[in-house]
Amino acid sequence: MSDAMREQLNDVLEAYMLDSDETGALARYLNNYPQYASELLALAHQAAQVLPDDMRAPDAASRASIEAAVAQLMTVWPAPAVTDNPFAAMEPADFRRVSKILEVPIQVIGAIRDGLAIPTSIPSGWLSRLAQAMGTSAADLMQSMGRTAQPAASFKSEDRPEMKEPVPFERILIDAKVDPAKRAEIMSDVT
């Protein structure tokens with residue numbers, strides 16, 4: 001994010017905090033600044049969580065009431081599907097964070113998620129760093145990469161979408177225009 005964009009983001013967030021008590025303020029800011037939607041929602045969520053100075057453990061009646069409410073909620077709200085794909089729980093902000101940690105474009109992480117890289121062509125050290133940045137193990141990540149992947153996004157098209165054949169990881173880096181020095185560093189990252 002450029003300095004000018006970061007400054008505008010800070011201005012928008014500060015203005016929102018000043019206006020947040022107004023009815024419909026969040027919706028208005030989301031409509032006016034859709035490029036900052038995730039930041040605005042995170043700020044609104046954080047601002048709504050006011051913790052009391054005196055945190056006491058709930059009494060038995062309160063705990064029973066909470067448990068009853070959760071039980072009722074669970075009857076109408078389906079449990080999330082259990083998946084062993086570490087990419088399934090990632091939000092767009094997580095992809096940006098992981099790509100920043102690993103210093104590669106987001107499309108590299110997306111290509112791995114979509115099964116476009118041959119898993120055995122990914123250097124083991126870099127794969128371990130990817131797994132660590134995602135909060136999973138390298139073994140779980142490798143296991144999820146061995147499955148048939150579906151593209152993450154779909155768009156209207158005249159032609160039927162076709163799955164691309166996986167390519168060597170270095171080809172993904174080249175296509176993403178990763179600097180040759182950085183690419184050599186990644187490809188030599190073996191443990």
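Buried, on this tour, means under 20% relative accessible area, while exposed means over 50%. Keep that in mind as you click around, and remember that the model is a predicted one.

**Stop 1: the whole chain**

Start zoomed out, with a cartoon view. You'll see ten helices and zero strands, so there is no sheet to look for, given that strands would be DSSP runs of E. Running from the N terminus, the order is simply α-α-α-α-α-α-α-α-α-α. The chain has 191 residues, and buried ones make up 25% of them. Switch on a surface and you are looking at about 13600 Å² of accessible area, 55% of it belonging to carbon and sulfur atoms. Among contacts with a separation of 6 or more, 61% join residues 24 or more positions apart.

**Stop 2: helix α6**

Now select residues 106–113, which is α6. Which residues of α6 are buried? They are Val108, Ile109, Gly110, Ala111 and Ile112. Show their neighbours and you'll find these buried residues packing against α5, α7, α8 and α9.

Pick isoleucine 112 next. Leaving aside residues up to four places away in sequence, isoleucine 112 touches Phe87, Ala117, Ile122, Trp126, Leu130, Met145 and Phe169. Then step past the end of the helix: glycine 115 follows α6 and has a positive phi, near 75°.

**Stop 3: the largest core**

Stay in this area and show side chains. The largest nonpolar core holds 26 residues, and the ones touching the most other members are Val108, Ile109, Ile112, Trp126, Leu130 and Phe169. At least two residues come from each of α5, α6, α7, α8 (138–145) and α9. Which helix gives the most to this core? That is α7, with six residues.

There is another core to find elsewhere: a second, separate one of ten residues, including Val12, Leu13, Tyr16 and Tyr36.

**Stop 4: aromatic pairs**

Colour the aromatic rings. There are four aromatic pairs in the model. Begin with phenylalanine 87 and phenylalanine 95: their ring centres sit 6.3 Å apart with the planes at 15°, so this pair is stacked. Phenylalanine 87 and phenylalanine 95 are both buried.

Move on to tryptophan 126 and phenylalanine 169. Here the centres are 5.0 Å apart and the planes are at 40°, so the pair counts as tilted. Tryptophan 126 belongs to helix α7 (residues 124–134) and phenylalanine 169 to helix α9, so the pair ties together parts that are 43 residues apart in sequence. Are these two rings buried or exposed? Tryptophan 126 is buried, with a relative accessible area of 0%, and phenylalanine 169 is buried with 0% as well.

For one more set of rings, select Tyr16, Tyr29 and Tyr33, which ring pairs link into a cluster.

**Stop 5: from tryptophan 126 to serine 188**

Keep tryptophan 126 selected and add serine 188, found in the segment after α10. Serine 188 and tryptophan 126 are 62 residues apart in sequence, yet their C-alpha atoms are 8.7 Å apart in space. While tryptophan 126 is buried, serine 188 is exposed, with a relative accessible area of 52%.

**Stop 6: a patch on the outside**

Turn the surface back on and select Ile66, Val70, Leu73, Met74, Val76 and Trp77. Together they form a nonpolar patch on the surface, with about 620 Å² of accessible area. Where in the chain is tryptophan 77? Look in the loop between α4 (60–76) and α5 (92–102). Tryptophan 77 has a relative accessibility of 52%, so it counts as exposed.

**Stop 7: two loop residues with positive phi**

Finish with a pair of backbone oddities. Select glutamate 103, in the loop between α5 and α6. Glutamate 103 has a positive phi of about 60° although it is not a glycine, and at 55% relative accessibility it counts as exposed.

Then jump to lysine 177, in the loop between α9 (169–175) and α10 (180–187). Lysine 177 is also a residue other than glycine, and its phi is positive, near 60°. With a relative accessibility of 73%, lysine 177 counts as exposed.

Key: Residues are numbered from 1 along each chain as its sequence is written. This is a predicted model: local features need pLDDT of at least 70, side-chain atom pairs count only at pLDDT 80 or more; totals for chains, interfaces and linings use all residues. Side-chain values use heavy atoms; hydrogens and water are left out. Patches are made of residues with over 30% relative accessible area and no salt bridge: like charges are joined within 9 Å, nonpolar side chains (Val, Leu, Ile, Met, Phe, Trp, Tyr) within 5 Å. Accessible areas come from the Shrake-Rupley method with a 1.4 Å probe; for residues, only the protein chains shown count as cover. A salt bridge is a side-chain nitrogen of Lys or Arg within 4 Å of a carboxyl oxygen of Asp or Glu. Helices (H or I, at least four residues) and strands (E, at least two) are DSSP runs, numbered from the N terminus. Buried means under 20% relative accessible area, exposed over 50%, partly exposed in between (1.4 Å probe, protein chains only). Rings of Phe, Tyr and Trp (its six-membered ring) pair if their centres lie within 6.5 Å; planes under 30 degrees apart count as stacked, over 60 as edge-to-face and the rest as tilted. A nonpolar core is a set of buried Ala, Val, Leu, Ile, Met, Phe, Trp, Tyr and Cys residues joined through side-chain atoms within 4.5 Å. Contact means heavy atoms within 4.5 Å.
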